[in-house]
Amino acid sequence: MGEYTMTINGSAAETLATIDVVNPATGQVFAKAPDCSRAQLDHAMKSAHKAFGSWKDDLALRRDVMYACAAALEDAAEEMGRIATMEQGFPLAMGVMGVRRSAENFRYYADLETPRLVVQDDENALIEVVQVPLGVIAAIKPWNVPIGMAVNTVAPAFRAGCTVVLKPSPFTPLVTLMLGEVLRDVVPAGVLNVISGADPLGQWMTEHPVPRGVSFTGSIATGKKVNVSAASDLKRVLLELGGNDPAIVLDDVDPVDVADVLFGRAFMNAGQICMAVKRVFVPEAMHDAIVAELAVKARALKVGNGLDEGVEMGPLNNKPQFERVSALVAEAVEAGATAVTGGAPLAGEGYFYAPTILTGIAEGTRIVDEEQFGPALPILPYRDLNEAIERANATTFGLGSSVWSNDPERAHAVAEQLEAGTTWINTHAMLGHVQPFVGRKWSGLGAENGQYSISAYTDLHTIYTSRAGATTYVPNSTD
Ligand code: NAD
């Protein structure tokens, strides 16, 4: 068992208590992670607050540090990717790629220019708007893509001038603790503090008086609690929450081609991606052809331990999630649905669930109405396109959505009617730096990526220089 330590004020913190970390491919405990005490959290917050004083004013240093972070992550990518696979379950290539992409993320934000805005420059006044860092950011992250989600906050927060106290999910603490260890020599003390522990630690962070911002990625249920807790002293919140993304297939496509692509966008990371396809609306006439092709893909998918060669899908990450997906599918089948493939856990150790295509199912069943976050996909036939749009929108989720069509105008017209932060046309779950990532309705608050992330970690400071003389009254539009 390796030793993993928290990073507080640039050094390894003493491990006073531990939590178990389970490998989902075996169901066995394979490591222990520190369980942060309240005093240690206090120390981390105070260190981050102290470090903020000089960090915020030195963009050149921040850029150098971010390039150094990128290089350090690239050097450690293989080892970090392997540990990420052991605690998360996804295939090794995905674990390693996650670390490499995080290195790129540091470089992207290091290079990003944030222009100083001039909103008025005339004989009356010069009015400039400057983005100033919020201060300490409390970053609380989920288990599905641990390192990617962590660096998605840390890199833009650094660029903005903030310091960070970062907490991974108790199910996947190790690769994030490694992030702290790998960056200890390249990040000034206190700028990045990495702590781990059970769920209450997240609440202690949101209640803590030091942070001025909370960057939370996780479930809607917890996101609501975070929002309430952060409201007590008006911390800024960025909430990236769950989704139940619909994909609407129009009647002008080749069903086999579309099914081939859709399958990958639904079953990546065993369906444990916030913006994966989670409901598929298909024209009645195409239903059987699409289901048949999805079933071919599901049967061919190589499921196994992510460390093994050629594995395409790993287990579910943890026992509660495994039990939830098992229950959702069992409930659907009991209510009359057909599991065309899968429909049950795979035999043997670990939290493996067979890739499942569900038909004969509709709204009113939990696996359609809720976020399944697993490898089980309901296929929902429709007769009339407007009805499909209405059904796709009839939810409190509003993360992603997609439209599949060979007619760009028609696809666009449908896209504009979907109530989601993002609508993809002829693909799903594609995300780049320049693209704002937003959850509408209950799927989130605030936007992430590129300049949008910088806005999330900064306040606006308006500097108004009068040119009309100190005593001259100049009426303006808000008087
Ligand atoms: P979760 O809400 O259970 O946990 C997320 C984090 O919150 C964990 O670190 C947990 O320890 C912490 N936490 C638990 N209780 C807390 C509290 N009261 N206060 C503060 N923090 C607390 O979510 P999860 O099961 O780890 O992640 C899966 C969910 O995350 C899915 O719904 C998925 O869609 C969502 N997700 C969203 C995005 C996005 O960008 N929109 C990305 C990835 C995952």
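Okay, Glu87. You'll find Glu87 in helix α2, which runs over residues 59–88. Keep in mind that this is a predicted model. What is odd about this one is that Glu87 is buried and yet has no salt bridge. The nearest side chain of opposite charge is Lys167, and that is 12 Å away. So what does the Glu87 side chain reach? The backbone nitrogen of Leu174, at 2.7 Å. As for its surroundings, leaving out residues up to four places away in sequence, Glu87 touches a whole list, including Val21, Val22, Phe30, Pro146, Phe171, Thr172, Leu174 and Asn317.

Leu174 brings us to helix α5, residues 174–183. Eight of the 10 residues in α5 are buried, so that helix is largely enclosed by the rest of the structure. Leu174 is one of those buried residues, and the others include Val175, Met178, Gly180 and Leu183.

Now the core. In general, nonpolar side chains in soluble globular proteins tend to be buried together. Here the largest nonpolar core has 81 residues, and the members touching the most other members are Phe106, Phe158 and Ile195. Which helix gives the largest share of this core? That's α2, with 12 residues. If you click on Phe106 and ignore its neighbours within four places in sequence, you'll see contacts with Met66, Cys69, Ala70, Leu73, Val151, Val154, Ala155, Phe158 and Leu183. Apart from that core there's another one, of 28 residues, and among them are Ile248, Val325, Ile367 and Tyr382.

On to the ligand. How many residues surround it? There are 29, and the closest are Lys141, Asp199, Ser219, Leu241 and Glu371. Three polar distances to ligand oxygen are worth a look. With Ser219, a ligand oxygen is 2.6 Å from an N or O atom of the side chain. With Lys141, a ligand oxygen sits 2.7 Å from a polar backbone atom. And with Lys167, a ligand oxygen is 2.8 Å from a side-chain N or O atom. Yes, that's the Lys167 from before, 12 Å from Glu87.

Glu371 from that closest set also shows up in a salt bridge. The model has 21 salt bridges in total, and in one of them the side chains of Lys278 and Glu371 meet at 2.9 Å, N to O. That pair links distant parts of the chain: Lys278 is in strand β13, Glu371 is in the loop between α11 and β16, and they are 93 residues apart. Buried or exposed, for Lys278? Buried, at a relative accessible area of 1%. Glu371 is buried too, at 16%.

Compare that with Arg383 and Glu284, whose side chains meet in a salt bridge at 3.1 Å. Again it links distant parts of the chain, with Arg383 in the loop between β16 and α12, Glu284 in the loop between β13 and α9, and the two positions 99 residues apart. Arg383, though, is exposed, with a relative accessible area of 70%, while Glu284 is partly exposed at 42%.

Then there's a local one. Arg391 forms a salt bridge with Glu387, with the closest N and O atoms 2.7 Å apart. These two are four residues apart in helix α12, which means they are separated by about one helical turn. Arg391 counts as buried at 16%, and Glu387 is partly exposed at 28%. There's also a network, where salt bridges that share partners join Arg324, Glu331, Arg366 and Glu370.

Back to buried glutamates for a second. Glu128 is in strand β6, residues 125–133, and is buried at 15% relative accessible area. A polar contact of 3.4 Å joins the Glu128 side chain to that of Arg116. Outside the four places either side in sequence, Glu128 also contacts Leu117, Val118, His461, Thr462, Ile463 and Thr465.

Last, a couple of backbone oddities. Where is phi positive in a residue other than glycine? One place is Leu234, with phi near 55°. Leu234 is in the loop between α7 and β11, and is exposed, at 69%. Another is Asn426, with phi near 60°. Asn426 is in the loop between β18 and β19, and is partly exposed at 37%.

Methods:
Residues numbered from 1 in each chain as written. Predicted model: local features only at pLDDT ≥ 70, side-chain atom pairs only at ≥ 80, totals over all residues. Heavy atoms only, no water. Buried < 20%, exposed > 50% of the residue type's maximum accessible area, 1.4 Å probe, protein only. Lys, Arg positive; Asp, Glu negative; His and termini not counted. Salt bridge = Lys/Arg side-chain N within 4 Å of Asp/Glu carboxyl O. Polar contact = N/O pair within 3.5 Å; in protein donor to acceptor, adjacent residues only side chain to side chain. Contact = heavy atoms within 4.5 Å. Core = buried A, V, L, I, M, F, W, Y, C linked by side-chain atoms within 4.5 Å. Near = heavy atom within 4 Å.
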